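Grab a pencil and work through these exercises with the model open beside you. Try each task yourself before you read its solution.

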Amino acid sequence: MTTTSRSESVQTFPPSEAFAADAVATAQKYEAAKADRLGYWADQARSTLTWDKDFTETLDWSEAPFAKWFIGGELNAAYNCVDRHVEAGHGDRVAIYFEGEPGDTRTLTYQDMAEEVARAANAFESLGVTKGDRVAIYMPMIPETVVAMLACARIGAIHSVVFGGFSSDALRSRADDAEAKLVVTADGSYRRGKPSPLKPNVDAALAAPGHTVEHVVVVQRNGENVDMESGRDIWWHDLVPQQSAEHAYVPHDSEHPLFILYTSGTTGKPKGILHTTGGYLTQTAVTHRDSFDLKPEQDIYWCSADVGWVTGHSYIVYGPMANGATQIIYEGTPDTPHKGRLWEIVQKYKVTQFYTAPTLIRTCMKWGREIPDQYDLSSLRVLGTVGEAINPEAWMWFREVIGANNGPGNPPKEHPAPIVDTWWQTETGAHMISPLPGVTATKPGSAQTPVPGIEVEVVNEEGKQLGRGEAGLLVIKEPWPAMLRGIYGDPERYKETYWSRFGDLYFAGDGARYDDDGDIWLMGRVDDVMNVSGHRLSTTEIESALAAHEAVTEAAVVGAKDATTGEAVVAFVILTGAAAEGADTEALEQELRAHVGKEIGPIAKPRNVLVVPELPKTRSGKIMRRLLKNVANGDEVGDASTLADPSVMEKIAEDMRTKHGS
């Protein structure tokens, strides 16, 4: 299907001359990668990381779709993330500024981290953990989480981080699938000013027999009383501090497994995405440095993700620490104790790079610019977005309100901080499509172009490349260093899930299109691309059209079953504060239907628009469109346990039944 790109009238923003002149990445990187892709990655691997043994071959694709990168090379991820910075004389550089939700703080230098990781590695080994064993980490956003991950990497144990917002059943299924030997957890954390438990979920997960877990190590964080099972459970503070601060690391093969990270699909058993050491560490470090224009000796970097997701693995732990960055780790929520908490932290630490999700940006839009306007955000020089495609309106708000902020009472910056809209997945391990600040003229709402060394295309159902202005399926043409090495324990599922559609092309599961400039616009998951009367419609595009209306701050769109058209568009919208006051919601819903018809075309006009107070979001800010789809179809809501506020769905379902009979 051919569509007219809404990007044609979008203004682009070239980098300032001063930024471009001092940028880490240059246009020559694209040229070098295009001239010799494998040579480019070999050069990046050698110049970015420290290898105990050099590799003899860059890529072995003989057993496609299972790749091997940097064959014969040996290295240690923990050494690259910690020790080598100390050896280079940077031991006193701050690695982590920690901000707890209650306001407590900690500062850890690279020397501190080297000692903590060594102690934790010794502690885990004292419990019988050896190379190749699996360790489940079920933790809040505290420094010990990073320490535990790096301690596993040092030993060669394979960590499987389970997001702290997941249930005991989710933890058990993941621990069982990985056959975890050890669980590292905490008594709990803090959530919106109240203690939030974790250890009781571990107890529930391990209550039934048949698991492989031998020990549970518990960090004391919120001081709540928890049960400790004799012989199995050990307090971190009783085990780790007594260990030696020296630990002789062992180099691991480039293809040695580093971690398993489970992706929870809408149906079926979660997929254990397996990543290995050398290729993953190379691409995360390179893209972190280039995408954020990192200058580790002067920058203060902050990624607001949770390490329970791949963004936290790649752009809190491995990428930034391999680059010797100084970064922020924040335990709490954006609105605790007040809605300016994010900007308060940016101001306090003079953050220079801020990487966050479009959902959070839209939430801040809803709260109003008067909140960030109270803070001095002038230190910010690069902004990034991750998690889903960002609508142009949110992109522009991010640029004008956050990126141009020059401190209260001062005129806005002449050159606002550039925004890098990054596309990638748990499976890709690292950025695949992203502008490069200092090189790319950025475009609101578009991830734009593959990073150097990556080759992607937009193709039709037959795998043929599409032209400008055409929408289709996003595929990756060539293997990349940080690519997953399979689904843990299930190689056939890996081939079926990612390679069966086109054979020699990796199908990402996302729809995309080229605009008239050849830039790539993401259209969301293919299962979020609706087929209405034979027309392929992007949920992302309709959401963007709705969000462009002055009354709307955020929107989520799903396809619902329809006897006439096959699928129908159903939209859920949150109004701005001003629009919500005394609004005639029925009239506004009809106005929004007409607005979408005008913006995109009559075929995209929603069958139903429902004004809602909130959208169902996980604690990481991801909108659970699956639950909205259930409501739109008149089905049972389904499991809402991973939502930040499960009661949201009850209200939405009731309103849908009352207003639209679903």
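**Exercise 1. Find where P337 sits, and work out what is special about the peptide bond from T336 to P337.**

Step 1: P337 lies in the loop between β17 (326–330) and α12 (341–349). Helices (H or I, at least four residues) and strands (E, at least two) are DSSP runs, numbered from the N terminus.
Step 2: Look at the bond from T336 to P337: it is cis, with omega near 5 degrees.
Step 3: Now try another proline, P65, in the loop between β1 and β2. The bond from A64 to P65 is cis too, with omega near 10 degrees.

Before you go on: this is a predicted model, where local features need pLDDT of at least 70 and side-chain atom pairs count only at pLDDT 80 or more, while totals for chains, interfaces and linings use all residues. Residues are numbered from 1 along each chain as its sequence is written, and side-chain values use heavy atoms, with hydrogens and water left out.

**Exercise 2. Is K350 buried or exposed, and what is its phi?**

Step 1: Go to the loop between α12 and β18 (353–356), where you'll find K350.
Step 2: Its phi is positive, about 55 degrees, although K350 is not a glycine.
Step 3: K350 has 58% relative accessibility, so it counts as exposed. (Buried means under 20% relative accessible area, exposed over 50%, partly exposed in between, with a 1.4 Å probe and protein chains only.)
Step 4: Do the same for R192, in the loop between β9 (188–191) and β10 (194–197). R192 isn't a glycine either, and has a positive phi of about 50 degrees. With a relative accessible area of 41%, R192 is partly exposed.

**Exercise 3. Classify the ring pair of W61 and W499.**

Step 1: Get the rule straight. Rings of Phe, Tyr and Trp (its six-membered ring) pair if their centres lie within 6.5 Å; planes under 30 degrees apart count as stacked, over 60 as edge-to-face and the rest as tilted.
Step 2: The structure holds 31 aromatic pairs. For W61 and W499, the centres are 5.9 Å apart and the planes make 55 degrees, so this pair is tilted.
Step 3: See what gets linked: W61 is in the loop between β1 (57–60) and β2 (68–71), and W499 is in the loop between α15 (491–498) and β23 (506–514), 438 residues apart.
Step 4: Check the cover. W61 is partly exposed at 29%, whereas W499 is buried at 7%.
Step 5: Compare with W480 and Y506, an edge-to-face pair at 5.2 Å centre to centre and 80 degrees between the planes. W480 is buried at 1%, and Y506 is buried at 0%.
Step 6: Ring pairs join these four into a cluster that also includes F66, Y494 and Y498.

**Exercise 4. Describe the sheet that holds β27, β28 and β29.**

Step 1: The 3 strands form an open sheet in the order β27-β28-β29, with mixed pairing. (Two strands pair if DSSP finds at least two bridges between them.)
Step 2: Spot the edges: β27 (552–562) and β29 (608–611) each pair on one side only.
Step 3: Strand β28 (residues 566–575) runs parallel to β29 in a pairing of 4 bridges. One of the residues to click is V570, whose bridge partner in β29 is N608.
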